[in-house]
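Colleague: I have some labels to query, and I want to see where each one comes from. Can you show me the model before we start?

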Amino acid sequence: MTTPDPHHQNDFLAKLAPELKPLEVAGPTHADQHGKRRAALASWISQQGGGLVILSAGEEIVLNRDTTFPFRSHSDFLYMTGFPEPDAWWIMQVNAEGQTKNVIACRPRDTEREIWDGIRVGPQQAAERFGMDCAVDVTELDHHVIELAANLPAFYAHLGNHHDIDQKLRQWLHALRAQGRAGVNAPDRIVDVGQVIARQRLIKDSSEISTMRLAAGYSAAAHVRAMEFTRPGHREYEIEAELLHAFRSAGAQSVAYGSIVASGPHSCILHHRAGSRAIRDQELVLIDAGCELDGYASDITRTFPANGKFTPHQRAAYDVVLAAQDAATAATRVGEAFTAPHDAAVRVLTQGLLDLRLIPKQSLEGAIESGAYKRFYMHRTGHWLGLDVHDVGDYNTRLTPGMVLTIEPGLYIRPAEDIDPGFWNTGIRIEDDALVTLGDAELLTRGVPVAAEAIEALMRNRD
């Protein structure tokens with residue numbers, strides 16, 4: 001994948017958010033970086049006695065008639081190969097001694113189709129460009145899989161994700177078993193390679209971290225642009241358009257997920273998509289949006305007053321959420337359980353709800369144990385982040401340097417008879433992307449203001 005011009009990127013960031021420090025611009029993830037990932041997987045497989053890894057990039061999905069959705073390779077395939085085209089397969093033969101053979105199977109060059117859809121890599125160039133031992137025409141996939149899998153003990157593939165893969169595995173096993181009289185042994189087990197790769201993907205390497213820092217900077221600048229643009233009377237989709245413009249202008253390829261732009265009562269809907277509602281004076285706007293850069297996601301949420309000034313009730317609730325995020329960030333340290341940030345946030349949020357008299361008077365421990373806070377805070381405080389916005393990885397684990405997770409506490413206060421009307425339709429979420437380090441967690445997305453005073457100052461200085 002191409003990397004946008006670094007001067008254009010930094011100029012764009014400086015224009016939208018002057019306080020954002022320049023970021024080191026990462027180059028493309030080179031073939032040797034993917035080669036290291038493949039070697040690490042091969043080392044583990046060799047310890048299991050060897051096997052054949054087979055991963056699919058996926059295929060284009062038809063939107064309607066002859067129009068397709070934008071294609072993006074399966075994240076595991078992208079992680080191991082960097083190959084960007086549909087209908088491609090990666091095969092890695094690993095023996096018990098750790099020797100490997102890496103093969104990419106891809107579409108052949110096709111002059112007529114390239115006129116319509118763009119230039120293909122083709123087998124003639126794919127091996128050298130992507131660090132493979134060889135490349136073959138994807139129409140010859142079955143032949144090469146059967147040849148490479150002979151006498152290996154296992155297939156390593158995704159299980160249960162796609163009917164075509166499950167069907168192909170059965171076909172390959174059947175063909176290999178048919179060669180039994182010729183002395184060929186077929187694999188006797190199929191291992192879900194997704195679980196193995198997830199353990200690798202959970203710890204980001206330096207190339208990944210560099211890309212994620214850059215994506216975080218682009219997304220932060222887009223949030224600043226959206227804040228500066230927003231005024232009462234604007235519609236949610238107009239703010240979404242500002243985000244999209246900023247993402248693409250910076251060089252990001254797409255959004256990491258459907259952008260959430262929620263105003264007024266919509267701010268209490270966790271996954272509200274930007275609609276046509278006009279924003280009113282004294283309402284809050286909640287934006288949860290991030291771009292995808294070279295396959296890697298960013299994920300930021302900010303909540304701010306449309307007219308530039310929090311009401312006293314909004315400010316009181318906002319300060320509770322920000323304090324909860326601070327507590328969760330402090331708990332994001334090496335050796336802590338993944339759940340530690342959530343537990344820290346819940347304590348602060350629950351105490352805040354007691355102080356604001358939004359839940360009945362009781363002890364803090366009692367309110368936590370009874371789940372009284374869940375009326376206003378019903379989700380977890382974070383998730384893994386990487387090639388997927390809700391990235392793969394075991395959540396029953398201890399935090400380790402190189403892990404990246406979100407920290408996103410919130411409060412969602414809907415109208416009710418037992419709630420002070422000043423709090424009605426107050427939905428607040430504050431989210432940043434955190435890199436686990438040997439010291440304090442590094443918040444990658446603080447290029448956009450988070451303190452209430454800083455948000456109000458930014459909006460006072462709007463053009």
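Colleague: Why does Y395 count as partly exposed?

Modeller: Its relative accessibility is 31%. Buried means under 20% relative accessible area, exposed means over 50%, and partly exposed lies in between (1.4 Å probe, protein chains only). At 31%, Y395 falls in the middle class, so it counts as partly exposed.

Colleague: Before we go on, what kind of model is this?

Modeller: It is a predicted model: local features need pLDDT of at least 70, side-chain atom pairs count only at pLDDT 80 or more, and totals for chains, interfaces and linings use all residues. Residues are numbered from 1 along each chain as its sequence is written, and side-chain values use heavy atoms, with hydrogens and water left out.

Colleague: Is W384 buried or exposed?

Modeller: W384 has 0% relative accessibility, so it counts as buried.

Colleague: What makes W384 and Y395 a stacked pair?

Modeller: Two values decide. Rings of Phe, Tyr and Trp (its six-membered ring) pair if their centres lie within 6.5 Å; planes under 30 degrees apart count as stacked, over 60 as edge-to-face and the rest as tilted. The ring centres of W384 and Y395 are 5.5 Å apart and the planes are at 15 degrees, so the pair is stacked. Both residues sit in the loop between α13 (364-370) and β15 (404-407), eleven residues apart. Helices (H or I, at least four residues) and strands (E, at least two) are DSSP runs, numbered from the N terminus.

Colleague: How many aromatic pairs does the whole structure have?

Modeller: The search finds eight. One of them joins F310 and Y318, with 5.0 Å between centres and 45 degrees between planes. That angle is neither under 30 nor over 60, so the pair is tilted. F310 and Y318 are both buried. Elsewhere, ring pairs link W89, F155 and W172 into a cluster.

Colleague: Which residues touch the most other members of the largest nonpolar core?

Modeller: They are L243, V285, I287, Y318, F376 and L411, in a core of 67 residues. Helix α9 (residues 206-229) gives the most, with eight residues. A nonpolar core is a set of buried Ala, Val, Leu, Ile, Met, Phe, Trp, Tyr and Cys residues joined through side-chain atoms within 4.5 Å. Y318 is a buried Tyr, so it passes the test of residue type and burial.

Colleague: What is F376 in contact with, leaving aside its neighbours within four places in sequence?

Modeller: Contact means heavy atoms within 4.5 Å. By that test, F376 is in contact with L353, L358, I359, G410, L411, Y412, I413 and I419. Another core lies apart from the largest one; it has 41 residues, among them L41, L78, V121 and L435.

Colleague: What makes an empty space a cavity and not a pocket?

Modeller: The way out decides. On a 1 Å grid over the protein atoms alone, a cavity is a set of points where a 1.4 Å probe fits but cannot get out, and a pocket is an open set with protein on both sides within 12 Å along at least five of seven lines; lining residues have an atom within 4 Å of a point. The search finds two cavities of 30 Å³ or more. The largest cavity has a volume of about 60 Å³. Its lining is F338, T339, P341, H342, R380, T381, G382, L405 and T406. The elements α12 (340-355) and β15 each give two or more of these residues.

Colleague: Which residues are closest to the centre of the second largest pocket?

Modeller: They are H271, D288, H383, H390 and E408, out of 18 lining residues. The space in this pocket is about 330 Å³. Volume here is the space filled by probe spheres set on the grid points, which are joined across faces, edges and corners.

Colleague: Why is D87 called partly exposed?

Modeller: D87 is at 30% relative accessibility, so it counts as partly exposed. D87 lies in the loop between α3 (75-81) and β4 (89-94). Its phi is near 65 degrees, a positive value in a residue other than glycine.

Colleague: What is the relative accessible area of N425?

Modeller: It is 27%, so N425 is partly exposed. N425 is in the loop between β16 (410-413) and β17 (426-429). Phi of N425 is also positive, near 55 degrees.
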